[in-house]
Amino acid sequence: MVPVVTEIALENKDTFIVAKLNNDENRETVGKFGIRYQPIYIIFKDGEEVGRFGGETPKAAFVQNVLDAIK
Amino acid sequence: MKTLTCSLLILSLALLASTASYAQAETDIEILRAADVNADGVINVLDLVLIASHFGDPLVDAQTPNPDVNGDGSVNVLDLVLVANRLGETVRPPVAFVTVAPDIGSELDIDGTITLTFDNPPTDVTVSTGVAMTDGNSVTITGPFTPGDLELTVTWGDGTETFSYTVRPPAAFVSAAPENDVEITTEDSITLTFDNPPTDVTVSTGVAMTDGNSVKITGPFTPGALELTITWADGTETLSYTVIELDTEAPSITGGTVSDGDTDVDASTTIEIEFSEDVRGLVTLRTESDDNVGWITTFEGNRVMLTPVAGKELAPETPYVITGKVRDAANNGTEINITFTTASAYDGIPIEVTDANFDTVVLGSKVPIVVEFYTDW
């Protein structure tokens, strides 16, 4: 999955940023957002969560999920 | 009895005088005037009658007519004899001053003319300054007079008069501003300077206002070539200008590398703003809190350049303001206020976030951001 996310990040760098957070090393943030399974992707816009999705997500669906959330 | 005696006396004196001379010498003009008791210009029997009628009368000082011809204090036969000796002679009347032009106290040019008018042609006219020419009842006095206060004394056969004037120094052209052969606008004014206050100033174009040694000429002037001729009492001067339309239009932004409201502005290179015409002024790059970033501002023709300075780089995804004011050659001003946001430093490689920077990097991002919460297996 990592290579796919990397591709998505590069191909959409002008639209959104992709960031990664290690759950084991950042328990405070994990707890704050109630992360119970992984991987999970949370979309933020202007400091607010505007969407989240998880599991094995095809590249096209990944991008569409993000675009739908930030439009 | 007195009347009869006088009549006989007058008759005899008149007969006696039938052989009297008619010649009039200038030297005895005062005697002749005294003998012309009724001041009609002729010495005749009427003067004798006037004397006779006042025989023995008390005299009053400056009595007119005065029958005491010889001025001995009594009216008697001696006065009759004096008149009788002059019977038939005419007497030139005294010449009195009537008017002067220009008015006393007025200003004269150094080559000015003063004209006096008398009630009769004056004789033996002399003047303290200038040259006097007599023509009938008039005397014309010409200079040159010395600049400053003039006390002019005119003396003639029957009197003297003194007139006061101020003689104006001649005015010579010194300079013009703007100077000759330059461009001016339709609404400009031209100021001329003289070494002395000029008089009678006229201009071929515009309106002239004189103030001391200066003359201000205002338009509006017609666009194109202007030949401006200034004439004053002492000379004339012609100046040439090219008149252009007055520029009332302020410079406007026509392009550049950044516009108000732009985002994703590359913060690493020179920012350029282009105007509709050449400008000058003061423009700075500032933070939102109005701190001067310290970039170098340069003006080149119609462009303003803001050049980065080492150590004063712009932060990514941060708003900045280009602010200031520029003016064109006609001093028309335009306020500049361009707000832009620098581009993200993000290059497409997923960035690692932590508890420590999550709020800043994720919640503070102005660009949508997707965070993958993952676990290393």
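**Notebook: the A–B contact and a sheet in chain B**

I began with the strands that cross between the chains, and I noted that strand β2 (residues 40-45) of chain A pairs with β25(B) in the antiparallel sense over 5 bridges. Within this pairing I looked up Tyr41(A), and its bridge partner in β25(B) is Glu372(B). I keep in mind throughout that this is a predicted model, and that what I write down here is computed from it.

Next I turned to the extent of the contact, to which chain A contributes 37 residues and chain B contributes 29 residues. The area buried between chain B and chain A comes to about 3100 Å², with 59% of it given by carbon and sulfur atoms. On the chain B side, the residues that lose the most area to chain A are Val370(B), Glu372(B) and Phe373(B), which together make up 28% of what that side buries. I recognised Glu372(B) here as the bridge partner of Tyr41(A).

I then went through the polar side of the interface, where the rule finds 22 residue pairs in polar contact, with both residues at pLDDT 80 or more. For salt bridges across the interface of chain B and chain A, the rule finds 1. A salt bridge joins the side chains of Lys32(A) and Asp359(B), at 3.7 Å from N to O.

Which elements of chain B each supply at least two residues of the side that touches chain A? I listed β24 (351-353), α5 (358-363) and β25 (369-374). Of the side of chain B that touches chain A, β25(B) gives the most, with 6 residues. Sorted by class, this side of chain B holds 16 nonpolar, 8 charged and 5 polar residues.

Leaving the interface, I followed a sheet in chain B, an open one of 4 strands in the order β1-β3-β6-β5, with antiparallel pairing. Why is one side of β1 (97-101) and of β5 (131-135) in chain B left without a neighbour in the sheet? I found that both strands stand at the edges, each with a single partner strand, and so one side of each has no neighbour there. On average, neighbouring strands of this sheet are turned by 20° against each other, direction ignored.

My last look was at one pair within this sheet, in which β5(B) and strand β6 (residues 138-142) of chain B run in the antiparallel sense and pair over 5 bridges. In β6(B), the residue that stands opposite Ala132(B) is Ile141(B).

Methods. Residues are numbered from 1 along each chain as its sequence is written. Chains are lettered from A and ligands numbered from 1 in the order in which they are written. This is a predicted model: local features need pLDDT of at least 70, side-chain atom pairs count only at pLDDT 80 or more; totals for chains, interfaces and linings use all residues. Side-chain values use heavy atoms; hydrogens and water are left out. Contact means heavy atoms within 4.5 Å. Buried area is the accessible area (1.4 Å probe) that two parts lose on being put together, summed over both. A salt bridge is a side-chain nitrogen of Lys or Arg within 4 Å of a carboxyl oxygen of Asp or Glu. A polar contact is a pair of N or O atoms within 3.5 Å; within protein, one must be able to donate a hydrogen and the other to accept it, and residues adjacent in sequence count only if both atoms are side-chain atoms. Ala, Val, Leu, Ile, Met, Phe, Trp, Tyr, Cys and Pro count as nonpolar, Asp, Glu, Lys and Arg as charged, and the others, Gly among them, as polar. Two strands pair if DSSP finds at least two bridges between them. Axes are lines fitted to C-alpha atoms, for helices over the stretch in contact, and angles run from 0 to 180 degrees between N-to-C directions.
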